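Colleague: Could you walk me through this model at the bench level? I have a few things to ask.

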Amino acid sequence: MESKSCPARCAGCVHFRNDAAYLERYFRGLNSLSSAHGSVRGDDGICLRHDRYLSARASCSEFRSRNRL
Amino acid sequence: MKLNFKLLNGSSAMSNVDSEFPRESTVAPQLRWRELWLKEDWWAIWLGLGIILVAYLFFANGSSIKWLAVTPSKWSTLAQLGAHFSANFARYIAQFVVWLAVFTVALTALGYKVREFIPSFALLYILSVLIIALGQWDKASTYNLEPPLVALVVGLLLSNVVGLPRWLDTGFRVEFYIKTGIVLLGATLPFTLIIWAGPVAILQASIISIVTFQVIYWVGLRIGLDRRLCATLGAGGAVCGVSAAIAIAGAVGAKKDAAPIAITVVIVWAIAMIFVLPFVAAAFHLHAGVGGAWIGTSEFADAAGFAAAQTYGNLASHGTVAGTSDQAVFAYTLMKVVGRDVWIGIWAFILAIIATTQWERTETGRKPEAAEIWWRFPKFIIGFLVASLIVTLVTTGYSLGDYNHSVVPALVGPIKDMRTWAFIFCFLSIGLTTRFGELARAGRKPFLAFSAGAIVNVIIGFILSAIVFATHWETLAR
């Protein structure tokens, strides 16, 4: 759901983690037969708020901008 | 080897990882055009096409890169092997420096530390020299000392029994090496062959991928697994292993534990299949092309499949099975890369639509975008196709005799030798980065669902490769 009331995307959210090194550290074994640097991953990452792995283009009402920190 | 699937507790793992990364370094910059230097697919293209371009420039000027593309030659006594290394020491040093330089540029751009990469790659290169040399022993085939399998076993022993510091992983980049190798492989595969054999590969791979996905998904649902986990597992078994699993996990917004579960299951199955498939295919006396096609439909990850296909090709080289080494590798490549990998973006797009319109509405979400097909497209395949097209075009004017007499030894042969190095770096890295004790616990149900699909996959793949399309694969590149 791309909420109209909340256009901000996960890429800019304080709860979101999608750095490749971070993901390879968290998803143990990912670099064994794949990689977090591959095109197929796109810019997906982990949402610490909802415990989901999702696209950086996702959004939700609990968005908190990184820029406010 | 003890297969200890230790539970990597989600929350504690997260807090441990979080403590290692400053908050500002946990979000990657938005890609857009920066993908050209921030994704390893593109770096594999730059490196692979760069090597091919340099090889062609040397060839066009009456020379060759074969001095640089040195590999251990056949030997029967240690004295012969020692004499080879003594005579070619400078060539190995030069090759090591070139590989080190190009990989350092790429991995630095991807964010790795040079001071970690250099010792790591030095270890990888020395082990690779030893393993390729062992494979050139005239008794190697007698003891089944196929380099891909030896590399895998050595790597697994070092990482699981001896133990290596984690920072060494910087140089063990499985996917980067296999993608670079695949781009180089494109230069040895005529484009006309891709056009001729590609449609059958796509047809066969599509049938198997769709059936395998449905079986894993259906069995998973029946035994109570979450839909998104079922889709993640299904893609892992049906498309391209771990890479497909994480792509689909992201596309459908799976729980964060889904990807680690899929990673564990795929790794266990894929590594087992590396050892099983070549020897089962040999037991059935499958032609090299047929065996390659079967491995292409039955293996889950590109890197693991190349290890199995290269092993089967080596069996053909030794005369154990009919056909040639190239036929096994070409058939595998067409089936896996052209037939299966290219569709991952479409799988992701379709499943994203289903997830957001049919499944339960979740806390987070997004509107699926068709552009996702391109975003997730495994770009290294573009390099593979371009490499094939370039070499096919520049060699079009040669007769078969001239091609075999001058083009193969001066252009295609050295590129193939460089590919051999890239592949062995990859095979070793699989073992060196697979630490069974650190994998997340998959659980019985995900393993059961995936295994059901894997078994169906192997059976249908065998029927299509060895019976329905057998003639097609036997005549490939004859």
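Modeller: Happy to; here are some questions and answers on confidence, a helix pair and a residue. This is a predicted model, where local features need pLDDT of at least 70, side-chain atom pairs count only at pLDDT 80 or more, and totals for chains, interfaces and linings use all residues. Residues are numbered from 1 along each chain as its sequence is written, chains are lettered from A and ligands numbered from 1 in the order written, and side-chain values use heavy atoms, without hydrogens and water.

Colleague: Which residues of chain A have pLDDT under 50?

Modeller: pLDDT is the predictor's confidence in each residue, from 0 to 100, and chain A averages 86. Where pLDDT is low, the predicted coordinates should not be read in detail. The stretch that stays under 50 is residues 1-6 of chain A.

Colleague: Are helix 11 and helix 12 of chain B roughly parallel or roughly antiparallel?

Modeller: Helix 11 (residues 258-283) and helix 12 (residues 288-298) of chain B pack at about 150 degrees, with axes 10 Å apart. Angles under 35 degrees count as roughly parallel and those over 145 as roughly antiparallel. Therefore helix 11 of chain B is, relative to helix 12 of chain B, roughly antiparallel.

Colleague: Is Ile208(B) buried or exposed?

Modeller: Ile208(B) lies in helix 9 (residues 191-222) of chain B. Ile208(B) touches Thr297(B), Asn457(B), Ile460(B), Gly461(B) and Leu464(B), leaving aside residues up to four places away in sequence; contact means heavy atoms within 4.5 Å. Buried means under 20% relative accessible area and exposed over 50%, with partly exposed in between (1.4 Å probe, protein chains only). Because its relative accessibility is 3%, Ile208(B) counts as buried.

Conventions: Axes fitted to C-alpha atoms, helices over the stretch in contact; angles between N-to-C directions. Helix = DSSP H or I, 4+ residues; strand = E, 2+ residues; numbered from the N terminus. Parallel < 35°, antiparallel > 145°, perpendicular 65-115°, else oblique.
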